[in-house]
Amino acid sequence: MIVTDNLEDKMHESLFAPLRLGGGQVEVSHRVVMAPLTRNRASEPNLCPHGDHVDYYTQRASKGGLLISEAVSISPEAVGYVSVPGIWTTEQVNAWRNVTDAVHKKGCSMFMQLWHTGRVAHKSFGSHPLLRKSGMALPSVSASATRMVHPRSGKPLPTETYVEGAVSETPRALRRDEIPRLVSDYVCAATNAIHAGFDGVEVHAAHGYLIDQFLQDGVNKRLDDYGGSVKNRCRLLFEVVEAVSRAVGPGKCSVRLSPTTIDPQTGQQNQLYFAASCSDPDKLYAHAVKGLNAYPLAYLLLTEPRWWGGRADGDAKSDKRFNIPLSNKKYRKLYHGVLMAAGGFTPGKAAQAVREGHYDMVAFGRFFISNPDLPERIRRGSPLNVYDRATFYANTNNGGGSDGYTDYPNLTGTMGTQGKYKLIEQSEIGSSLPKSKL
């Protein structure tokens with residue numbers, strides 16, 4: 001095992017200082033957060049968490065830690081993936097309570113990420129038995145009737161359904177008079193999450209999903225007061241955050257954004273999420289980030305645009321995204337609350353980002369999937385289990401279960417299947433590629 005004094009004592013130290021989140025409702029003893037991670041293992045057809053979810057989240061709960069749940073559909077209209085859990089029925093609320101009770105027993109806090117996929121959803125989800133019988137609005141909607149197509153070929157992008165081989169369809173543009181109902185859906189979901197025992201909620205406004213579709217002028221072609229200018233495109237984001245914050249109270253609402261930028265050399269965005277393009281990302285996100293200072297958020301989570309890449313990240317040692325410099329640390333000077341980062345961090349670079357003041361906390365995804373005791377492994381400088389991407393999205397409808405979900409082992413051998421997964425030294429992550437500066 002490769003462990004150096006500099007790695008343990010200097011670089012990792014910053015990740016293990018206590019922090020009180022905005023609003024003072026939650027205090028953590030370390031800065032290693034579990035990122036929201038879609039796992040597609042909800043019950044069918046009720047789309048509830050179950051015993052495997054209790055095990056999965058409890059395994060990853062640590063005293064004084066913070067977990068963010070997988071993205072949870074706020075309503076039938078929001079559903080765009082197979083076997084993802086919801087938070088609009090009483091049965092779903094009660095099932096989530098089993099998860100939060102178990103997590104809290106380990107002294108850990110937990111937020112629920114609130115999700116509306118917008119145009120990413122295929123209209124066929126409306127035939128799902130739970131969605132169909134709900135009597136509520138169904139997919140697919142967006143800011144405008146703008147189809148997801150490949151930016152170069154113009155061909156429709158593939159999308160997930162319960163039947164293989166589907167491609168995106170043109171969504172229905174939300175009417176102006178439907179916006180209050182949409183905001184109410186977010187409020188209802190947030191209130192249900194608090195009833196389910198969550199310490200707070202995270203509004204998913206990133207990665208090309210519904211709120212992000214309103215933000216991006218490549219998708220949003222509206223001519224009313226929700227389209228056109230940066231101020232108008234940010235209107236829905238601020239209305240949702242204001243309403244949710246008021247409903248759940250100060251320090252119990254947070255937001256996730258995925259700022260991109262224009263590469264000065266190529267003139268192209270450094271990242272596209274589901275083909276959601278923007279002509280003015282620096283201007284847009286500066287306005288959004290500054291505007292969020294007006295709300296009593298627990299934290300603002302910014303995704304660094306370096307993690308999105310499909311299956312190219314199968315080799316943790318050579319994955320080039322671990323060595324792409326940070327591009328969103330510039331928002332530190334614009335946001336005055338707790339700022340969290342996610343996307344392509346190694347333990348050492350996470351500690352460096354916190355130590356140098358770019359971010360206050362760092363959320364890990366792939367390595368938290370494969371290491372239920374990730375904070376302790378980072379603290380000790382211990383090797384990490386290498387993730388198996390092939391099992392990330394093994395949905396319930398097609399037999400997804402514990403494999404790659406609850407079978408990753410911890411250091412002490414009290415959980416998971418020992419010896420099943422390869423190990424990698426923390427210093428070896430991304431080591432076969434040239435190093436970069438933060």
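## Asn323 and its partners

Where is the place of Asn323? This is a predicted model, and in it Asn323 sits in the loop between β10 (300-303) and β11 (339-342). Loop or not, Asn323 counts as buried because its relative accessibility is 8%, below the 20% cut-off.

The side chain of Asn323 has polar company on two sides. One partner is the side chain of Lys349, joined to the side chain of Asn323 by a polar contact of 2.8 Å. Then there is Gly430, whose backbone oxygen lies 2.8 Å from a polar atom of the Asn323 side chain.

## Helix α10

Follow that contact to Lys349 and you land in α10, where Lys349 is one of the buried residues. Why is α10 described as largely enclosed by the rest of the structure? Helix α10 covers residues 347-355, and 8 of its 9 residues are buried, so the rest of the structure largely encloses it.

The buried set in α10 runs through Pro347, Gly348, Lys349, Ala350, Ala351, Gln352, Ala353 and Val354. Just past the helix, Gly357 adopts a positive phi of about 85°.

## The chain as a whole

Zooming out, the protein chain has 12 helices and 14 strands. Its radius of gyration is 20 Å, close to the 22 Å that the globule rule gives for 438 residues, so the chain is as compact as a globular protein of that length. Along the principal axes, the C-alpha atoms fill a box of roughly 60 × 50 × 45 Å.

Of the 438 residues in the protein chain, 59% are buried. Take the contacts between residues at least 6 apart in sequence: 74% of them link residues at least 24 apart. On the outside, the protein chain exposes about 16500 Å², with carbon and sulfur atoms supplying 51% of that area. As for charge, there are 51 positive and 42 negative ones, and their mean positions are 3 Å apart.

## Ile262 and helix α9

Is Ile262 buried or partly exposed? With 31% relative accessibility, Ile262 counts as partly exposed. Ile262 belongs to the loop between β9 (253-257) and α9 (281-291). Leaving aside residues up to four places away in sequence, Ile262 touches Gly267, Gln268, Gln269, Cys278 and Pro281. For a sense of distance, take Arg389: it is 127 residues from Ile262 along the chain, and their C-alpha atoms are separated by 30 Å.

Pro281 from that contact list is also one of the buried residues of α9, alongside Leu284, Tyr285, Ala286, Ala288 and Val289. What do the buried residues of α9 pack against? Their neighbours are α6 (210-215), α7 (230-233), α8 (235-248), β9 and β10.

## Ser370 in α11

Ser370 lies in helix α11, which spans residues 366-370. With a relative accessible area of 0%, Ser370 is buried. The side chain of Ser370 makes a polar contact of 3.0 Å with the side chain of Asn371. Beyond the residues up to four places away in sequence, Ser370 touches Asn385, Val386, Tyr387 and Tyr408.

## Backbone oddities

Some backbone angles deserve a look. Most residues other than glycine have a negative phi, and most peptide bonds are trans. Against that background, here are the exceptions worth clicking on.

Glu44 and Pro45 are joined by a cis peptide bond, with omega at about 5°. Pro45 is in the loop between β3 (32-34) and α2 (51-59). That loop between β3 and α2 also holds Leu47, a non-glycine residue with a positive phi of about 55°. At 0% relative accessibility, Leu47 counts as buried.

Another cis peptide bond links Pro139 and Ser140, with omega at about 5°. Ser140 is found in the loop between α4 (129-132) and β6 (141-142). Finally, Ser83 has a phi near 60°, a positive value in a residue other than glycine. Ser83 lies in the loop between β4 (66-73) and α3 (90-105), and its 0% relative accessibility makes it count as buried.

Conventions:
Residues numbered from 1 in each chain as written. Predicted model: local features only at pLDDT ≥ 70, side-chain atom pairs only at ≥ 80, totals over all residues. Heavy atoms only, no water. Helix = DSSP H or I, 4+ residues; strand = E, 2+ residues; numbered from the N terminus. Buried < 20%, exposed > 50% of the residue type's maximum accessible area, 1.4 Å probe, protein only. Polar contact = N/O pair within 3.5 Å; in protein donor to acceptor, adjacent residues only side chain to side chain. Rg over C-alpha atoms; globule rule 2.2 N^0.38 Å. Contact = heavy atoms within 4.5 Å. Areas by Shrake-Rupley, 256 points an atom, 1.4 Å probe, with all protein chains shown as cover. Lys, Arg positive; Asp, Glu negative; His and termini not counted. Charge placed at Lys NZ, Arg CZ, Asp CG, Glu CD.
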